[in-house]
Amino acid sequence: MDPSKGKGGLKSKRGRMLKPAAAGTMDLASPSPSPSPSESSPSPAPLPPSTRGSRKNPIHLQDPSGAEASPPSASPKVDGESGLDLVVAVDPQIPPPRWGQVVRVVPSMDAVVKVFCVHTEPNFSLPWQRKRQYSSSSSGFVISGRRVLTNAHSVEHYTQVKLKKRGSDTKYVATVLAIGTECDIAMLTVENDEFWEGVSPVEFGSLPALQDAVTVVGYPIGGDTISVTSGVVSRIEILPYVHGSTELLGLQIDAAINSGNSGGPAFSDEGKCVGIAFQSLKHEDAENIGYVIPTPVIMHFIQDFEKSGEYTGFPIFGVEWQKMENPDLRKAMGMTSDQKGVRVRRIEPTAPEVQFLKSSDIILSFDGVNIANDGTIPFRHGERIGFSYLVSQKFTGENAVIKVLRESKVFEFNIKLAAHKRLVPAHINGKPPSYYIIAGFVFTAISVPYLRSEYGKDYEYDAPVKLLEKHLHAMAQSHDEELVVISQVLVADINIGYEGIANTQVMAFNGKPVKNLKSLANMVETCNEEFLKFELEYQQIVVLQTSNAKAATLDILTMHCISSAMSDDLKS
């Protein structure tokens, strides 16, 4: 997917740039940062300073009305101090608020919980240690089976997770059962039986239609009690999931989704959950554009966990394709007037599709559903959607029937779908970053979190062009291939003259190609040659005498208080 060329784009403070758009940013409905002890002064108090998921945009106050509010009345109200009768006038020309909608979802609101998380993120600049821990709060809700759903980014890099029920003063320690990075959903549970007393799980509804009313419930920034905002479904399409760096079915709504709303349910008029709030669009010309994870994606996540006992992810169709809307192109590819489809541009070398499909094949259908020349399929009445929706309905390891046109002949293949293997991973799945140190040279593998740590949220503009090109367009040739770089040089006498090397890819060691970080560490550790020769990008080389380099490493580790020359995953 090509990077955005202009100022705008759909992106997150923690997500990769997904595709070009108008000058706006797609932000996660980030967990609300927890205030420091000094901010617990009596009301009125300033809003907590943002340490997680803060935005430059000003905070818009929500309607203070909530589930516990009573309908307006024209009956007199008495001022307790003055004793004056205050009559509330009702203007017949002003329509009353939709109190009925709020009342209908009240029974389900008790299932909405506040999620407190302590995070300890990896330190990619100093991969042998972690960053200072910090706290955040977000929303979640109880489902059947003594489980709680929230957003994956709400509990990312968690150290401890606690849950608090509505109206309770007790926080219960939670256990994280599964984290789905692609779909941005996490599943929790609580061992304490007391937590489940008096709580009824929410019921899931079907995928809503356009203009259906939705009510988002959660604990957004700006207060400590539950908040309710209402809106309608304004769009249903395949959209970028910022945290997951992928594209899945999503709902666009016009209800406000702010920091802390992460993981909160979106209810229909019938009080059934139709989605999970997870991100919003920030644009100078747009207001109240929020996004909700719909029930098909939620149920896929739940069923995936129930089938395998863990989250296995969404499969991918490992093919890049081209639209066939041009009539001359269709004619040149041998398509008849009644045939429609998309052309295969290239295939992921690690994907199962590489055994069946070829470049310039025309994909006619997926599991019996015909694909249009623009890559869409029929969805619902009056709606079309990208055929990747069909892929997202499958589970990893399931088969799909692919019909293709090749040299004017139609072929059918039964292909087993697999997960995506990216050369530059979008996530490290909670694991600490890998590293290897020799003579002060710190070697590591490139990932999206690493690029974001080094170059900030706008890393797709600021990172080296070579790394970005491989991140956006290169394909892994094998399942264990990694992009290995020298991230920095810990200055010492042994590496004089090499101090300026940073984030430069290592192409070969002593004439042998570098496949991944572990193979490089093994080659260096077992090297008996006189010199260590690292071939870098742009034909740059680093040469060190083997015995001197290995002898100097221990002193460098001691100087920088580093306990080991390599991460634990490289030792096995």
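Visitor: How many bridges join β11 to strand β14?
Guide: This is a predicted model. Strand β14 covers residues 265–267, and it runs antiparallel to β11. One facing pair is Val216 in β11 and Ala266 in β14. The number of bridges joining β11 to β14 is 2.

Visitor: Which residue of β12 is the bridge partner of Ala213?
Guide: Strand β12 spans residues 227–241 and is antiparallel to β11. The two strands are joined by 6 bridges. Within β12, Ala213 has as its bridge partner Val232.

Visitor: Which residues point the other way from Ala213, Thr215 and Val217 in β11?
Guide: In a regular strand, side chains alternate between the two faces of the sheet. In β11, Ala213, Thr215 and Val217 share one direction. The other direction belongs to Val214, Val216 and Gly218.

Visitor: How many residues of β11 are buried?
Guide: Strand β11 covers residues 213–218 and is mostly covered. Residues pointing either way from β11 are buried. The count is 6 of 6.

Visitor: Is Ile226 buried or exposed?
Guide: Ile226 sits in the loop between β11 and β12. Its contacts beyond four places in sequence include Val217 and Gly218 of β11, along with Met109, Val112, Arg166 and Tyr219. Its relative accessible area is 15%, and the cut-off is under 20%, so Ile226 is buried.

Visitor: How far apart in space are Ile226 and Ser139, C-alpha to C-alpha?
Guide: In sequence, Ile226 and Ser139 are 87 residues apart. In space, C-alpha to C-alpha, their separation is 9.4 Å.

Visitor: Which two residues touch the most other members of the largest nonpolar core?
Guide: In soluble globular proteins, nonpolar side chains tend to be buried together. The largest nonpolar core here has 90 residues. Touching the most other members are Leu149 and Phe317.

Visitor: Which residues are in contact with Phe317, leaving aside neighbours within four places in sequence?
Guide: Phe317 belongs to the largest nonpolar core. Set aside its neighbours within four places in sequence. The contacts of Phe317 are then Glu353, Leu357, Ile363, Phe366, Phe387, Val391, Ile402 and Leu417.

Visitor: How many residues are in the other core?
Guide: This core lies apart from the largest one. Tyr436, Ile438, Val489 and Val524 are among its members. Its residue count is 27.

Visitor: What arc do the buried residues of α9 cover around the axis?
Guide: Helix α9 runs over residues 517–525, and its buried residues are Leu517, Leu520, Ala521, Met523 and Val524. They lie on the same side of α9 because their arc around the axis is only 165°.

Visitor: Which backbone nitrogen does a side-chain oxygen of Asn516 reach?
Guide: Asn516 is placed at the start of α9. Its side-chain oxygen comes to within 3.3 Å of a backbone nitrogen. That nitrogen is on Lys518.

Visitor: What length is the polar contact between the side chains of Glu121 and Tyr134?
Guide: Glu121 lies in the loop between β5 (112–119) and β6 (134–143). At 18% relative accessibility, Glu121 counts as buried. Its side chain makes a polar contact with that of Tyr134, at 2.7 Å.

Visitor: What separates the C-alpha atoms of Gly313 and Ala418 in space?
Guide: Gly313 is in the loop between α3 (295–308) and β17 (319–322). It is buried, with a relative accessible area of 2%. Beyond four places in sequence, Gly313 touches Glu182, His300, Asp304 and Thr396. Ala418 is 105 residues from Gly313 along the chain, yet the C-alpha separation is 9.3 Å.

Visitor: Is Cys561 buried or exposed?
Guide: Cys527, at 8% relative accessibility, counts as buried. Cys561 has a relative accessible area of 71%. The cut-off for exposure is over 50%, so Cys561 is exposed.

Visitor: How many disulfides are counted?
Guide: A pair of cysteine sulfur atoms must lie within 2.5 Å to count. By that rule, the number of disulfides is 0.

Visitor: What is the relative accessible area of Tyr459?
Guide: Tyr459 is in helix α7, residues 459–462. Val448 is 11 residues away in sequence and 9.0 Å away in space, C-alpha to C-alpha. Tyr459 is buried, with a relative accessible area of 1%.

Visitor: What share of the residues in the protein chain is buried?
Guide: The protein chain has 10 helices and 31 strands. It holds 572 residues. The buried share is 51%.

How values were computed: Residues numbered from 1 in each chain as written. Predicted model: local features only at pLDDT ≥ 70, side-chain atom pairs only at ≥ 80, totals over all residues. Heavy atoms only, no water. Buried < 20%, exposed > 50% of the residue type's maximum accessible area, 1.4 Å probe, protein only. Helix = DSSP H or I, 4+ residues; strand = E, 2+ residues; numbered from the N terminus. Pairing = 2+ DSSP bridges. Core = buried A, V, L, I, M, F, W, Y, C linked by side-chain atoms within 4.5 Å. Contact = heavy atoms within 4.5 Å. Polar contact = N/O pair within 3.5 Å; in protein donor to acceptor, adjacent residues only side chain to side chain. Arc of directions from axis to C-beta.
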